[in-house]
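Me: I've got a protein in front of me and I'd like a close look at just one part of it. Could you walk me through it in plain words?

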Amino acid sequence: MHAKLVVLVVMCFTLNAVGGMGQLPVEASIVIESEVQNHLLKANVKNIGSNALTLRYIFVVTKNGVAGTSKTTQKGTFTVLEKNISSLSESRINLRKGDKLMAKLLIYQDNMIVAQDSVVFHGDNY
């Protein structure tokens with residue numbers, strides 16, 4: 001039987017949007033589900049406001065290890081309904097001792113970052 005460890009890492013930053021518009025009610029989060037050395041990273045966005053929003057995202061996952069460096073970038077445009085959470089993307093990665101994983105999620109309105117989250121994970125944690 002495999003033990004399943006679910007780690008929720010949420011560091012939400014809401015930045016001011018264009019001048020007098022105030023803040024967008026958006027939170028970004030990277031959720032990590034782990035089983036032994038296998039990790040599933042989920043890029044999520046939460047709209048805590050009362051209007052639907054159309055935004056863009058970039059989700060970058062980088063792994064540095066003995067075998068070298070791998071990097072995946074996923075991006076797109078999405079609409080999140082009011083008072084709703086949307087899953088934007090997923091990335092599955094295997095970590096070994098000595099590996100380092102970095103993930104960054106950026107949420108944009110036009111060319112301005114309105115929410116972000118990042119995670120650094122070390123394979124030495126086993």
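What percentage of the 126 residues of the protein chain count as buried? After that, please zoom in on strand β5 (residues 53-65).

Reply: Sure! A quick heads-up: this is a predicted model, where local features need pLDDT of at least 70 and side-chain atom pairs count only at pLDDT 80 or more, while totals for chains, interfaces and linings use all residues. Residues are numbered from 1 along each chain as its sequence is written, and side-chain values use heavy atoms, leaving out hydrogens and water.

Now your number: 37% of the 126 residues in the protein chain count as buried. Buried means under 20% relative accessible area, exposed means over 50%, and partly exposed is in between (1.4 Å probe, protein chains only). The protein chain exposes about 7400 Å², with 52% of that supplied by carbon and sulfur atoms. Those areas come from the Shrake-Rupley method with a 1.4 Å probe, and for residues only the protein chains shown count as cover.

Before we get to your strand, here's its setting. The protein chain has 0 helices and 9 strands, so reading along the sequence just gives you β-β-β-β-β-β-β-β-β. Helices (H or I, at least four residues) and strands (E, at least two) are DSSP runs, numbered from the N terminus. Of the contacts between residues at least 6 apart in sequence, 62% join residues at least 24 apart; a contact means heavy atoms within 4.5 Å.

Okay, β5 itself. Two strands pair if DSSP finds at least two bridges between them. β5 is joined to β6 by 13 bridges, and the two run antiparallel. They make a hairpin, with 2 residues between them. To spot the pairing on your screen, find Arg56, whose bridge partner in β6 is Thr77. β5 also pairs with β8, again in the antiparallel sense, over 9 bridges. Here, look for Phe59: its bridge partner in β8 is Leu105.

Now follow those two partner strands to the loops after them. Between β6 (68-80) and β7 (84-94) there's a loop that holds Lys83. Lys83 isn't a glycine, yet it has a positive phi of about 50°. Its relative accessibility is 62%, so Lys83 counts as exposed. The loop between β8 (100-109) and β9 (112-122) holds Asp110. Asp110 isn't a glycine either, and its phi is positive at about 55°. With 59% relative accessibility, Asp110 counts as exposed.
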